Amino acid sequence: MEGTATSREALPIALDASGGDRAPEQPVEGGVRAVRELGIPVALVGRAAEVERLVRGLGGPFPGLTVIDAPEVVTMEDQAVAAVRRKSRASIPVALEAVKEGRAAAFVSAGNSGAVVAGALFGLGRLPGIDRPAIAIPFPKIAGGSVLLLDAGAVTDPRPQHLVQYARLASAYLRHVNGVPEPRIGLLSNGEEAIKGNALVRETHSLLAETPDINFVGNVEGNAIPSGAVDAVVCDGFTGNVVLKTAEGTAAVVQAALREALTARWYTRIPALLLRGTLRRAVRRLDYRAYGGAPLLGVRGIVIIAHGRSDSTAIMNAVAAAHRAATSGLVESLLGGMVDKEARRG
């Protein structure tokens, strides 16, 4: 979608009201909160009568909140490509059409991620030099900040050249959006040595090592991701999604263990009260709801994929992430970065 930052800011974020484990209640509430608390215009895309009833139950209608009717629903069990093609009036294709036609600045969905990826490819198209898009997750670092992890689930069985494309996307994203002049790119493997890994990893390593426009620093193991030794880690979507879900589970265990240890005895509750703000900030760094969602990089439009279990807070933060991406010109920055890389390669 083309346009100035000012015009994009006035456009609503198309929010999938039918997508996610807690739809439509939580997406609708998250959209309402984004409008009321953040001042971001939102277009709720879903079954209009149902959505409007929920909005009224929250005190609406509200200025800045609109509804786009999408009477069909893509479920989590639907086969991605078939669902997008067969259910043309579902919230995913309807919302993506609004983005393509310039009626919405971005699309946010907590629904079937495979269908979102397929719909974005069909509806928005690819950036130059990209065959497969990637979900890019900000993985927290020990010292603060984050490492970009991609792919986190868009393509579970990519080819080596696709991982090279992910590395180019990561480089362009970090350089043009985050201001990292020479992003360090690592390849996720079960060892640092070039001979480690499965066939996909070994062949990708060889290709990356021979690609001069990527600052490839070699293989990295999973436990090195939070260290900050690299700025981005590339992997296939199956592995990336397992890493993400394992990290979420580990964070939940740590939070529960801390809570139990600090409240087990009366004499531990006093320091717990004193440390409450610090602990809350630490927990927030590990909470997917604070990030809201992850951008789908490689398509010609802004698509934010939220966690399937997202509550209204996560949805509101996903809308905020989409708004920031739209007003900062994310697609234009990536497009410029990919074009620059193609020129350097030529």
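**Helix H2 and a pocket**

Student: Helix H2 is followed by Gly39; near what value is the phi of Gly39?
Tutor: This is a predicted model, in which local features need pLDDT of at least 70 and side-chain atom pairs count only at pLDDT 80 or more, while totals for chains, interfaces and linings use all residues. Residues are numbered from 1 along each chain as its sequence is written, and side-chain values use heavy atoms, without hydrogens and water. Helices are DSSP runs (H or I, at least four residues) and are numbered from the N terminus. Just after H2, Gly39 has a positive phi, near 70°.

Student: How far apart are the end C-alpha atoms of H2?
Tutor: H2 covers residues 25-38, which is 14 residues, and the expected span is 1.5 Å times one less than that number of residues. The helix should therefore span 20 Å, and this agrees with the separation of its end C-alpha atoms, 19 Å.

Student: Which residues of H2 are buried?
Tutor: Buried means under 20% relative accessible area, found with a 1.4 Å probe on protein chains only. In H2 the buried residues are Gln26, Pro27, Val28, Gly30, Gly31, Val32, Ala34 and Val35.

Student: Which helix gives the most to the lining of the second largest pocket?
Tutor: The lining has 24 residues, with Pro138, Tyr173, Asn178, Pro295 and Arg324 nearest the pocket centre. Among the elements that each supply at least two lining residues are helix H7 (160-176) and helix H13 (312-327). The greatest contribution, five residues, comes from H13.

Notes:
1 Å grid on protein atoms, 1.4 Å probe; cavity = no way out; pocket = protein on both sides within 12 Å on 5 of 7 lines; lining within 4 Å. Buried < 20%, exposed > 50% of the residue type's maximum accessible area, 1.4 Å probe, protein only.
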